[in-house]
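Student: I'd like to learn how to read charged pairs in a structure. Can we go through some together?

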Amino acid sequence: MSSKGIIHVIDDEPVIHDVLAQLLTSEGYEVEISASGEEAMEKFPSQSFDVILLDLLMPGMDGIEVLRRIKKVDPLAPVIIITAYGSVESAISAMKIGALDYVQKPFKHDDLLLAIEKAVERKRLQDENIRLKDELRQRYGFANIIGKSQAMKSVFELVKAAAPTRSTILLQGESGTGKELVARAIHLNSNRAEAPFIT
């Protein structure tokens with residue numbers, strides 16, 4: 001059976017390690033355990049995780065600091081905060097920094113598994129989105145616009161010059177001459193490349 005994802009548990013309590021390792025492996029996940037924030041940070045960025053379960057209250061580097069460091073390394077990392085009852089304000093502060101969700105201790109297994117499933121799905125969608133955008137960049141990049149004439153070299157130079165600007169650009173030409181190809185190349189090389197391209 002293939003793994004449903006790799007979950008990184010960052011918590012200083014051995015009992016939590018045992019409970020989560022048993023629960024998550026029985027659900028088909030691989031589990032990586034870190035007993036401290038310092039140990040967890042040694043695993044970034046060399047390892048990639050589908051979801052990170054992060055306890056807020058730990059000795060040494062606390063969960064908020066770990067979250068900040070994780071987000072510096074990987075801004076899209078899906079982090080679910082595990083927080084003790086009564087620390088909801090801290091969990092909300094963590095969500096402002098970039099945590100995806102939080103679960104209160106003692107947690108219900110079903111609630112935790114649902115939060116993890118949502119986070120794994122979100123990560124898969126993000127990864128797919130990044131992959132598709134990379135494919136678009138390769139397909140519609142300058143290297144894929146064919147032409148070696150002086151006129152085409154001038155077009156390439158204009159596209160490179162225009163792409164980083166916020167100016168409105170009008171492309172004119174006969175049908176079938178590659179206006180959409182040039183428009184996509186401009187879009188994918190602009191600072192608005194993450195926004196949708198509407199034909």
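Student: Is Glu128 buried, partly exposed or exposed, and what do I look at to decide?
Tutor: Look at the relative accessible area. This is a predicted model, and in it Glu128 comes out at 34%, so Glu128 is partly exposed; the middle class runs between the 20% and 50% cut-offs.

Student: Which residue does Glu128 form a salt bridge with?
Tutor: The general idea is that side chains of opposite charge can pair when their charged atoms come close. Here the partner is Arg131, with the closest N and O atoms 2.7 Å apart. Arg131 is partly exposed too, with a relative accessible area of 38%.

Student: Where do Glu128 and Arg131 sit in the chain?
Tutor: Both are in helix H5, which covers residues 109–140. They are three residues apart, so about one helical turn separates them.

Student: Which salt bridge lies in helix H3?
Tutor: Try Arg69 and Glu65, whose closest N and O atoms are 2.9 Å apart. Both belong to helix H3 (residues 63–73), with a spacing of four residues, about one turn of the helix. As for exposure, Arg69 has a relative accessible area of 38% and Glu65 has 29%, so each counts as partly exposed.

Student: What does the salt bridge between Lys105 and Glu13 tie together?
Tutor: Start with the contact: the closest N and O atoms of Lys105 and Glu13 are 2.9 Å apart. Lys105 lies in strand E5 (residues 101–105), while Glu13 is in the loop between strand E1 (6–10) and helix H1 (14–26), so this pair ties together parts that are 92 residues apart in sequence.

Student: Are Lys105 and Glu13 buried or exposed?
Tutor: Take them one at a time. Lys105 has a relative accessible area of 14%, so Lys105 is buried, as the cut-off for buried is under 20%. Glu13, at 35%, is partly exposed.

Student: How many salt bridges does a search of the whole structure find?
Tutor: Eight. Among them are the Lys105–Glu13 pair, the Arg69–Glu65 pair and the Glu128–Arg131 pair.

Student: One last residue, then. Where does Asn189 lie?
Tutor: Asn189 is in the segment after helix H7 (179–188). Its relative accessibility is 36%, so Asn189 counts as partly exposed. For a sense of distance, take Ser90: Asn189 and Ser90 are 99 residues apart along the chain, and 40 Å separates their C-alpha atoms.

Key. Residues numbered from 1 in each chain as written. Predicted model: local features only at pLDDT ≥ 70, side-chain atom pairs only at ≥ 80, totals over all residues. Heavy atoms only, no water. Helix = DSSP H or I, 4+ residues; strand = E, 2+ residues; numbered from the N terminus. Buried < 20%, exposed > 50% of the residue type's maximum accessible area, 1.4 Å probe, protein only. Salt bridge = Lys/Arg side-chain N within 4 Å of Asp/Glu carboxyl O.
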